[in-house]
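Trainee: I should like to request a close look at a single helix and its surroundings. Please describe how it is placed, and begin with how far the coordinates may be trusted.

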Amino acid sequence: IIGEYHGSARFRALIAERFSTWACHVGPPDPYGNDGGAFWLFNPRFAGDGPRWPSTTRNGSARGEFWSRFAPIVHPIDQPVPENWQQYYGTLFDLAAELRPRRICEIGVRAGYSAFAILSANPSASMLGIEADLDEATHNTHGGRQGLFRHAEKILSQFNYELLIADSHALARLPRCDLAYIDGDHTLEGCLLDLHLAEQSAETILVDDYDSIP
């Protein structure tokens, strides 16, 4: 059931009374300031027969299914997989499923894990990855390793994915895209340059972090 509610307190009471066993997703608040918005209700009897909102199904099946496919593609240098990665990449998967971008640009590819999460949530989307592929012996690569892009190409071959080896700071423009994911230079200055680059071409910008990775 997809609908629009008016009055959040009344809506919550209705869900508790009539749909307590159903998974429920409530969309963003009404942009005009009214106490309402869109909602999605999922009948548990038909949970396997149609689309499910990944971050809100009661058994977390979509995220769990994603993680079962993610864990085996991790490069040996990142084994054993850090425990907090499941939450990190699971959240990225959920967010990408909610945003539903069709055209994506990513700055900072490394081994391709973020791209794998985003494209797993949007398998029909197209994505351009931009990777500087700097030598960690002579540059601060913020956890990157030279040549890891080859692993990214391998695990992303099932998707509509293109890789560009280039310094994003030397680019004049990104292709027009629905989502730009910034995860390259983690200095404040470098991240800001990538943000200025992305704002020319992207409707939505998602930033990993800047400064120290922790």
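Mentor: This is a predicted model, and the protein chain averages a pLDDT of 85, with 90% of the residues scoring at least 70. Confidence is highest in strand β4, at a mean of 96, and lowest in strand β2 (residues 23–29), where the mean is 78. Over residues 49–59 the pLDDT is below 50, although this stretch has 24 contacts in the model beyond near neighbours in sequence. Where pLDDT is low, the predicted coordinates should not be read in detail.

The part to examine is helix α4, which spans residues 113–121. Of its 9 residues, 9 are buried, so the helix is largely enclosed by the rest of the structure. The buried residues of α4 include the aromatic Tyr113 and Phe116, together with Ser114, Ala115, Ala117, Ile118, Leu119, Ser120 and Ala121.

One part of the surroundings is a sheet. Helix α4 lies across β4 (103–107), β5 (126–131), β6 and β7, and runs at about 165° to β4. These strands belong to an open sheet of 5 strands, ordered β6-β5-β4-β7-β8, in which the pairing is parallel. The edges are taken by β6 (160–165) and β8 (202–207); each has a single partner strand, so one side of each is left without a neighbour in the sheet. From one strand to the next, the twist averages 20°. Strands of a sheet pair through backbone hydrogen bonds, either parallel or antiparallel. At the β8 edge, strand β7 (residues 177–182) pairs with β8 in the parallel sense over 5 bridges, and Leu179 has Thr204 of β8 as its bridge partner. Another helix, α6 (residues 188–199), lies across β4, β7 and β8, running at about 160° to β8.

The aromatic side chains of α4 connect the helix to other helices. A pair of aromatic rings is described by the distance of the centres and the angle of the planes. The count of aromatic pairs in the structure comes to 15. In one of them, the ring centres of Phe70 and Phe116 are 6.2 Å apart and the planes stand at 65°, so the pair is edge-to-face. Phe70 lies in helix α2 (residues 61–70) and Phe116 in helix α4, so this pair ties together parts that are 46 residues apart in sequence. Both Phe70 and Phe116 are buried. For Tyr89 and Tyr113, the ring centres are 6.2 Å apart and the planes are at 85°, so this pair too is edge-to-face. Here the link runs between Tyr89 in helix α3 (residues 85–99) and Tyr113 in helix α4, distant parts of the chain that are 24 residues apart. Tyr89 and Tyr113 are both buried. The four residues of these pairs belong to one aromatic cluster, which also contains Phe66, Trp67, Trp85, Tyr88, Phe93 and Phe159.

A final point concerns the cysteines. A disulfide is a covalent bond between the sulfur atoms of two cysteines. A search of the whole structure finds 0 disulfides. Cys177 is in no disulfide, and the nearest cysteine sulfur, that of Cys105, is 3.9 Å away. Cys177 is buried, with a relative accessible area of 1%, whereas Cys24 is partly exposed, at 26%.

Notes: Residues are numbered from 1 along each chain as its sequence is written. This is a predicted model: local features need pLDDT of at least 70, side-chain atom pairs count only at pLDDT 80 or more; totals for chains, interfaces and linings use all residues. Side-chain values use heavy atoms; hydrogens and water are left out. Buried means under 20% relative accessible area, exposed over 50%, partly exposed in between (1.4 Å probe, protein chains only). Helices (H or I, at least four residues) and strands (E, at least two) are DSSP runs, numbered from the N terminus. Two strands pair if DSSP finds at least two bridges between them. Axes are lines fitted to C-alpha atoms, for helices over the stretch in contact, and angles run from 0 to 180 degrees between N-to-C directions. Contact means heavy atoms within 4.5 Å. Rings of Phe, Tyr and Trp (its six-membered ring) pair if their centres lie within 6.5 Å; planes under 30 degrees apart count as stacked, over 60 as edge-to-face and the rest as tilted. A disulfide is a pair of cysteine sulfur atoms within 2.5 Å. pLDDT is the predictor's confidence in each residue, from 0 to 100.
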